[in-house]
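Work through these exercises with the sequence and the coordinates open. Try each task before reading its solution.

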Amino acid sequence: MQGTKRFDSYLLKPLSKDLAIKYVKQLNSLLNQIPFVTYTTEDVLAESKVGREFYGKWEHSLIVFDGNKPVAVIIAYERKSEENEQYPANTIYINELAVDEHYQRKGIAKNLLKSFFEYNDRLGFIFLDGSLNYTVQTSFSDKNQYVIDLYKSFGFAQRATKQYEDRTDVVMGLKRY
């Protein structure tokens with residue numbers, strides 16, 4: 001993708017830092033629709049958090065517009081291996097995928113993921129090295145089964161679970177090359 005791509009009537013663009021700054025309030029609202037997470041505008045723009053760098057966040061992420069309104073986003077970055085079952089190798093980590101509640105169930109997430117993989121398969125690792133693979137961690141709950149099924153439809157398989165005080169997450173991986 002050179003800069004923009006269309007699917008249906010939507011415009012897909014790489015999420016640059018400049019676009020993130022311009023639409024930070026809208027992105028914050030989109031991301032806060034995700035269960036079990038709370039984002040601030042600072043979180044949306046962050047390039048690291050305690051002990052983790054978000055390598056290539058602005059190179060790997062995409063945003064979808066309806067006219068000039070952001071309606072979906074996928075935020076991803078290169079994540080270093082933790083040498084454990086959850087994160088055994090360097091990976092392109094899908095940190096968040098969100099679609100505006102008024103635009104859900106219209107195929108936007110599926111088209112966004114398809115475009116994301118096409119884009120990032122060509123781009124590959126920029127900062128890290130290794131065999132190209134993708135990882136996502138998401139809530140392991142009945143309410144989130146459609147999200148898990150969406151990732152499975154692209155070939156993701158469960159790698160591990162992660163237990164928190166208030167929830168259990170599933171870590172899923174997809175090896176590309």
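The exercises below go from the whole chain to single residues of this predicted model.

**Exercise 1. Overall fold**

Task: Find how many helices and strands the protein chain has, and check its radius of gyration against that of a compact globule.

Solution:
- Start with secondary structure. The protein chain has six helices and ten strands.
- Next, take the chain length. For 177 residues, a compact globule would have a radius of gyration near 16 Å.
- Compare. The protein chain has 15 Å, which agrees with the globule value.
- Add the dimensions. The C-alpha trace spans about 45 × 35 × 30 Å along its principal axes.

**Exercise 2. Burial, contacts and surface**

Task: Work out what share of the residues is buried, and what share of the exposed area comes from carbon and sulfur atoms.

Solution:
- Count burial over the whole chain. Buried residues are 49% of the 177.
- Turn to contacts with a separation of 6 or more. Residues 24 or more positions apart supply 60% of them.
- Now the surface. The protein chain exposes about 9,300 Å², and 47% of that area belongs to carbon and sulfur atoms.
- Finish with charge. There are 24 positive and 23 negative charges, and their mean positions lie 5 Å apart.

**Exercise 3. His60 and its partners**

Task: Decide whether His60 is buried or exposed, and identify which side chains make polar contacts with the His60 side chain.

Solution:
- Locate the residue. His60 belongs to helix α4, residues 57–60.
- Check accessibility. The relative accessible area of His60 is 0%; buried means under 20%, so His60 is buried.
- Look for the first polar partner. The side chains of His60 and Glu78 are joined by a polar contact of 2.7 Å.
- Look for another. The Asn120 side chain makes a polar contact with the His60 side chain at 2.4 Å.
- List the neighbours, leaving out residues up to four places away in sequence. His60 touches residues including Tyr55, Ile92, Phe116, Tyr119 and Leu123. Glu78 and Asn120 are also in this set.

**Exercise 4. Phe54, in the loop before α4**

Task: Classify Phe54 as buried or exposed, then find what it touches.

Solution:
- Place it. Phe54 sits in the loop between β4 (52–53) and α4.
- Classify it. Phe54 has 11% relative accessibility; the limit for buried is under 20%, so Phe54 counts as buried.
- Find its contacts beyond four places in sequence. Phe54 touches Ala46, Glu47, Ser48, Lys49, Tyr77 and Glu78.
- Compare with His60. Tyr77 and Glu78 are among the residues that His60 touches as well.
- Add one distance. Phe54 and Asn95 are 41 residues apart along the chain, and their C-alpha atoms are separated by 9.6 Å.

**Exercise 5. Asp169 and Leu30**

Task: For Asp169 and Leu30, name the element that holds each residue and state which residues each one contacts.

Solution:
- Begin with Asp169. Strand β10, residues 168–175, contains it.
- Asp169 counts as buried, at 4% relative accessibility.
- The Asp169 side chain makes a polar contact of 2.9 Å with the side chain of Arg167.
- Beyond four places in sequence, Asp169 contacts Gln137, Thr138, Ser139, Phe140, Ala160, Thr161, Lys162 and Tyr164.
- Move to Leu30. Helix α2, residues 24–31, contains it.
- Leu30 counts as buried, at 3% relative accessibility.
- Outside its four-place neighbourhood, Leu30 contacts Pro70, Val71, Ala72, Val73, Ala98, Val99 and Asp100.
- The C-alpha atoms of Leu30 and Val64 are 11 Å apart, with the two positions 34 residues apart in numbering.

**Exercise 6. Positive phi in loops**

Task: Find where Glu83 and Arg105 lie, and what their phi values are.

Solution:
- Recall the background. Most residues other than glycine have a negative phi.
- Take Glu83. Its phi is near 50°, a positive value.
- Glu83 lies in the loop between β6 (69–79) and β7 (91–99). At 74% relative accessibility, Glu83 counts as exposed.
- Take Arg105. Its phi is near 65°, also positive.
- Arg105 lies in the loop between β7 and α5 (108–123). At 68% relative accessibility, Arg105 counts as exposed.
- Look at Glu82, which is in the loop between β6 and β7. Glu82 is partly exposed, at 34%.
- Beyond four places in sequence, Glu82 contacts Arg52 and Tyr87.

Notes: Residues numbered from 1 in each chain as written. Predicted model: local features only at pLDDT ≥ 70, side-chain atom pairs only at ≥ 80, totals over all residues. Heavy atoms only, no water. Helix = DSSP H or I, 4+ residues; strand = E, 2+ residues; numbered from the N terminus. Rg over C-alpha atoms; globule rule 2.2 N^0.38 Å. Buried < 20%, exposed > 50% of the residue type's maximum accessible area, 1.4 Å probe, protein only. Contact = heavy atoms within 4.5 Å. Areas by Shrake-Rupley, 256 points an atom, 1.4 Å probe, with all protein chains shown as cover. Lys, Arg positive; Asp, Glu negative; His and termini not counted. Charge placed at Lys NZ, Arg CZ, Asp CG, Glu CD. Polar contact = N/O pair within 3.5 Å; in protein donor to acceptor, adjacent residues only side chain to side chain.
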